[in-house]
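Thanks for coming. I will walk through one structure, a few residues at a time, and then we can stop.

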Amino acid sequence: MTETIDTQALLELATEVARRAGRMLRDERPRDLGVTYTKSSPTDVVTEMDTASEKLIVEALRAARPEDGFLGEEGASDTSASGVRWIIDPIDGTVNYLYDLPGWAVSIAAEVRGEVAAGVVYVPGQDETFTAVRGGGAFRNGEPIRCTRGAPLERALVATGFAYAAARRAAQAEVLRGLLPRVRDIRRFGSAAVDLCMVACGRVDAYYERGVNLWDYAAGKLIAEEAGARVGGLRGEPASPELILAAAPDLYEQLHDLLAELGADRDS
């Protein structure tokens, strides 16, 4: 018989750990914070605090649940013996953090037997904690949240983000040229996790982006879905690094069709 896993308990643990990491990042940010190394390009940076945050998170979760697995942006990787895997972004929005801008977050999702079942995104700059358990709704600081409803495409405020590689940025700029005249306006916050939470609480009507990874969106995707948004990719594909799109169901199809026409999931 398969053991029942208490997803609410997973969420409570993740929330406590995310807030602890977020407070450390906020309160102990060095005045002379610099880039430790770069990843895919010179603009894709990692700071010493990214690695410190992931270390704190992994150690705290492992102490509480030693048989769980891990997938972390900065290299944490362990196979699960319990059916639970933690998907961690220790700082989503590292460039914002590097420049001391507020749009960054700590994101932790609990995947249970292959499906994300609980997630938290903590935004220290606003002291906002977004949470969800699958089937239990979405919350901001403990209060229920819902995505917007009834916004037509021409009045939709749409969040997006851009890749680090120059060639992909050029393609994304072309997509934006076709999109911008068709919507109310565009916002660029600099964190996929924050973008998805902005959809969840109705601060924007939609979000799309090409090139984000599972750790960027695992928790935020669940939060947006539990707030009533539809989240997926283009042409029937699920959300993936190829493209993620989140919007209220009545707006989703309109924006999907325009993004498909513009080739938003392609680099040329």
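Start with Arg235, which sits in the loop between β14 (230-232) and β15 (244-247). Before going on, note that this is a predicted model.

Is Arg235 buried or exposed, or something in between? With a relative accessible area of 38%, Arg235 is partly exposed, because the partly exposed class runs between the 20% and 50% cut-offs.

Now look at what surrounds Arg235. If we leave aside the neighbours within four places in sequence, Arg235 is in contact with His256, Ala260, Gly263, Asp265 and Arg266. Take Ala260 from that list: Arg235 and Ala260 are 25 residues apart along the chain, and their C-alpha atoms are separated by 7.3 Å. Asp265 is in the list as well, and here the side chains make a polar contact, at 2.4 Å.

Next, the salt bridges. How many salt bridges does the structure hold? The count is 18. The general idea is that side chains of opposite charge can pair when their charged atoms come close. I will go through three of them.

In one of them, Arg134 pairs with Glu115, and the closest N and O atoms are 3.8 Å apart. Arg134 lies in the loop between β8 (128-133) and β9 (138-140), while Glu115 belongs to strand β7, so this pair ties together parts that are 19 residues apart in sequence. Both ends are partly exposed: Arg134 has 34% relative accessibility, and Glu115 has a relative accessible area of 45%. The pair also belongs to a network of salt bridges that links Glu115, Arg134, Lys221 and Glu225.

Another salt bridge joins Glu242 and Arg210, at 3.0 Å from N to O. This pair links distant parts of the chain, 32 residues apart: Glu242 is in the loop between β14 and β15, and Arg210 is in the loop between β13 (206-209) and α6 (214-226). The loop of Glu242 is the one where we began, with Arg235. The two partners fall into separate classes of exposure. Glu242 is partly exposed at 46% relative accessibility, whereas Arg210 is buried at 8%. Arg210 counts as buried because its value is under 20%.

The last salt bridge I will mention is between Asp185 and Arg187, with the closest N and O atoms 3.1 Å apart. Asp185 is partly exposed, with a relative accessible area of 31%. Arg187 is partly exposed too, at 34%.

Now to the aromatic side chains. How many aromatic pairs does a search of the whole structure find? It finds one. The rings belong to Tyr97 and Trp104; their centres are 4.8 Å apart and their planes are at 75°, so the pair is edge-to-face. The cut-off behind that label is over 60 degrees between the planes. Tyr97 and Trp104 are both buried.

For contrast, go to the surface. Val95, Tyr99, Leu101 and Tyr164 form a nonpolar patch there, and together they have about 390 Å² of accessible area. One of these, Tyr99, is in the loop between α3 (94-98) and β6 (105-112). Tyr99 is exposed, at 60% relative accessible area.

Asp100 lies in that loop between α3 and β6 as well. Asp100 is also exposed, at 55% relative accessibility. What is the sign of phi in Asp100, positive or negative? Phi of Asp100 is positive, near 60°, and Asp100 is not a glycine. That deserves a remark because most residues other than glycine have a negative phi.

Arg113 is another case, with a positive phi near 50°. Its place is in the loop between β6 and β7 (115-123). Arg113 is partly exposed, at 46% relative accessibility.

I will finish inside a helix. Thr15 is in helix α1, which covers residues 7-27. Thr15 is buried, with a relative accessible area of 16%. Which residues does Thr15 touch, leaving aside neighbours within four places in sequence? Thr15 is in contact with Val120, Thr129 and Thr131. Val120 falls within β7 (115-123), and Thr129 and Thr131 fall within β8 (128-133).

That is the end of the walk-through.

Definitions and conventions
Residues are numbered from 1 along each chain as its sequence is written. This is a predicted model: local features need pLDDT of at least 70, side-chain atom pairs count only at pLDDT 80 or more; totals for chains, interfaces and linings use all residues. Side-chain values use heavy atoms; hydrogens and water are left out. Patches are made of residues with over 30% relative accessible area and no salt bridge: like charges are joined within 9 Å, nonpolar side chains (Val, Leu, Ile, Met, Phe, Trp, Tyr) within 5 Å. Accessible areas come from the Shrake-Rupley method with a 1.4 Å probe; for residues, only the protein chains shown count as cover. A salt bridge is a side-chain nitrogen of Lys or Arg within 4 Å of a carboxyl oxygen of Asp or Glu. Helices (H or I, at least four residues) and strands (E, at least two) are DSSP runs, numbered from the N terminus. Buried means under 20% relative accessible area, exposed over 50%, partly exposed in between (1.4 Å probe, protein chains only). Contact means heavy atoms within 4.5 Å. A polar contact is a pair of N or O atoms within 3.5 Å; within protein, one must be able to donate a hydrogen and the other to accept it, and residues adjacent in sequence count only if both atoms are side-chain atoms. Rings of Phe, Tyr and Trp (its six-membered ring) pair if their centres lie within 6.5 Å; planes under 30 degrees apart count as stacked, over 60 as edge-to-face and the rest as tilted.
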